[in-house]
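Trainee: Hi! Could we look at this structure together?
Mentor: Happy to, let's pull it up.

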Amino acid sequence: MTETLLYAAILVPCLIVAIVFHEVAHGLAALALGDPTAREQRRLSFNPLRHVDPVGTLLVPGALALLGGPIFGWAKPVPVNARRLDNPRYGMMAVAAAGPGMNLLLALVGAILLGMVAGIGFQPGSAVGSLAFTMLSTFVLINIFLALFNLLPIPPFDGSHIVGGLLPRSMAGQWQKLQQMGMFLLILLVAASWAFPNAGVIEHTVLPPVLWLQEHYFDFAQWIANGIAG
């Protein structure tokens with residue numbers, strides 16, 4: 001129980017930072033491309049409370065945890081008005097890509113810090129070393145997972161907006177209509193993961209590229225550690 005609580009104490013702050021930076025990145029990208037809606041609604045803030053969705057951030061993950069289902073949730077999306085963007089079609093693609101891009105950047109920062117911690121002599125077996133390695137490894141993993149999961153081409157994920165911008169205009173309208181079913185598809189994905197745990201719905205789609213990318217980030221951390229250690 002103590003280990004579970006300790007890991008939760010590490011996991012929750014890492015998750016909050018990853019989600020908040022993800023959402024703020026969307027708003028900053030929109031602002032840079034001509035849409036100040038997020039700034040006007042005071043969503044360009046790193047205060048986690050401004051990004052909490054009572055249902056998606058609290059109720060759904062809590063209920064899934066109590067019922068033994070896969071832990072899943074979402075933050076309050078940063079508002080973006082495509083009509084205010086300089087180029088609505090490609091602007092939405094850039095805004096959508098900014099969130100996962102920020103998470104990959106945060107994972108890189110985590111890997112650099114992990115390499116520095118290892119390079120200056122902290123040992124994983126020591127109390128401080130174990131805490132630092134666990135926290136930074138978790139931070140890297142969460143950000144990679146959040147980035148790649150959001151790149152799935154399923155409404156309302158960021159990947160669906162990127163696909164919508166790449167499609168020919170003749171098909172973009174139909175894809176836009178599919179966006180309206182986004183929440184239903186999202187619930188269906190969670191329900192399928194919960195109802196058929198052995199099918200590995202999430203594991204077979206997102207986990208392999210997550211583990212592949214994580215290995216490369218950790219290799220980079222090891223390279224930094226070797227460089228510091230000399």
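Mentor: We'll chat about aromatic rings and then about an alanine, keeping in mind that this is a predicted model.

Trainee: How many aromatic pairs are there?
Mentor: The count comes to 4 aromatic pairs. In one of them, the ring centres of Phe 145 and Phe 149 are 5.4 Å apart and the planes sit at 15 degrees, so that pair is stacked; the cut-off for stacking is under 30 degrees.

Trainee: Where do Phe 145 and Phe 149 lie?
Mentor: Both are in helix H5, which covers residues 127–150. They are 4 residues apart, about one turn of the helix.

Trainee: And is Phe 149 buried or exposed?
Mentor: Phe 149 is buried, because its relative accessibility is 6%. Phe 145 has 32%, so that residue counts as partly exposed.

Trainee: What about Phe 149 and Phe 157, how are their rings arranged?
Mentor: Their centres are 5.0 Å apart with the planes at 55 degrees, so this pair is tilted. Phe 157 is buried, as is Phe 149. Ring pairs join Phe 145, Phe 149 and Phe 157 into a cluster.

Trainee: Nice. Switching topic: where is Ala 98 found?
Mentor: Ala 98 is in helix H4, residues 88–119.

Trainee: Why does Ala 98 count as buried?
Mentor: Because its relative accessibility is 19%, and buried means under 20%.

Trainee: Which residues does Ala 98 touch, leaving aside those up to four places away in sequence?
Mentor: Ala 98 touches Ala 25, His 26 and Ala 29. As for Leu 28, that residue is 70 residues from Ala 98 in sequence, yet their C-alpha atoms are 8.5 Å apart in space.

Notes:
Residues are numbered from 1 along each chain as its sequence is written. This is a predicted model: local features need pLDDT of at least 70, side-chain atom pairs count only at pLDDT 80 or more; totals for chains, interfaces and linings use all residues. Side-chain values use heavy atoms; hydrogens and water are left out. Rings of Phe, Tyr and Trp (its six-membered ring) pair if their centres lie within 6.5 Å; planes under 30 degrees apart count as stacked, over 60 as edge-to-face and the rest as tilted. Helices (H or I, at least four residues) and strands (E, at least two) are DSSP runs, numbered from the N terminus. Buried means under 20% relative accessible area, exposed over 50%, partly exposed in between (1.4 Å probe, protein chains only). Contact means heavy atoms within 4.5 Å.
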